[in-house]
Amino acid sequence: MAHARGPELEAPPPGALPSFQTCPRCAGANSAEARFCQLCGVPLTDDARLRPIPTAPESAPSSGLLPIAWLVVIGQDGTPGRRYPLRGSTMDIGRTSGDIVLEKDPYVCPLHARLTYGSRGFAIEDLGSVNGVYVRLGGSPLELRHGDLLLLGQAVLRLEIVEETEGHLGPAVRDSTRVFGTPAVARRARLVLHTVEGCARDIFYLSRPETILGREAGDIVFTDDPFMSRRHAALRRASGTNTYTLRDLGSSNGTFIAIRGKQSLSPGDHVRIGQHLFRLDVQSGGPS
């Protein structure tokens, strides 16, 4: 349930002490002389004068109500940590600016992402970041597109659909002699492994109807990745259309895909920004 707001008060000039007080309990605005909050009755302390009055949401839903929600940091062991409450219809995340400042994360841009709440619910938006915003897959397979970035453990993989002219190359001939080598197989798509050097290192061509990725078992394995499960995820190709779906195989740390622009979120969804993993928590029974 949203708290009622107090009357609008004129902002003080720069450097002057504010002439209002903000209740530490309900965030209601009160006059500078008030000893108790006019909205909830809680006693007001001296430091309440220094608390800014929250501004009205710019794009609140038609009901005018915001849900009680948080972005919760999830540790490597899966336990919840710091909670960042949703105080308006937008919440910016960055390394140097925003409502959530991750100043010690070198993989986060100065202004990286934006969480919004509107008539259609929650959404996360990538603000043109270098490393992207990743959302964890649910239990259902997700259809992929050319250029999608996947995150499994520490591996960042780019899916590239192979054009038909490249996928059916004939035997190479040099000086009227065929080139000797491993027998060719059909190339439908490829996964390109990206490294911290900012370049591609390994290329894995996909030719089977299903390709398993994991740390120990599968068609493509990453034996040195401690954050990848033994059998982590599966890529399946649809026959006749050369489209791919990605499915998590019950991995411990999840399978993520980078969003393109803006992506809707549901309560309980996990979002990866830089080295930080967040979970969207929404209080049950509130607006949704």
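## A five-stranded mixed sheet

Thr-116 stands opposite Ala-123, a residue of strand 8, and this pair offers a way into the sheet described here, which belongs to a predicted model. Strand 7, residues 113-118, and strand 8, residues 121-126, pair in the antiparallel sense over six bridges, and the two strands form a hairpin in which two residues lie between them. Elsewhere along this pairing, Arg-114 has Glu-125 in strand 8 as its bridge partner.

The hairpin is part of a wider arrangement, an open sheet that five strands form in the order 6-5-7-8-22, with mixed pairing. Its edges are strand 6 (100-101) and strand 22 (262-265), each of which pairs on one side only. In general, the strands of a sheet pair through backbone hydrogen bonds, in either a parallel or an antiparallel sense.

Strand 8 also pairs with strand 22, again in the antiparallel sense, and this pairing runs over four bridges. Within it, Glu-125 stands opposite Lys-262 of strand 22, so that Glu-125, which is also the bridge partner of Arg-114, links the description of the two pairings. As for its surroundings, strand 8 is mostly covered, with five of its six residues buried.

The two antiparallel pairings that involve strand 8 are set out below.

| Strand pair | Sense | Bridges |
|---|---|---|
| Strand 7 and strand 8 | antiparallel | six bridges |
| Strand 8 and strand 22 | antiparallel | four bridges |

Terms used:
Residues numbered from 1 in each chain as written. Predicted model: local features only at pLDDT ≥ 70, side-chain atom pairs only at ≥ 80, totals over all residues. Heavy atoms only, no water. Pairing = 2+ DSSP bridges. Buried < 20%, exposed > 50% of the residue type's maximum accessible area, 1.4 Å probe, protein only.
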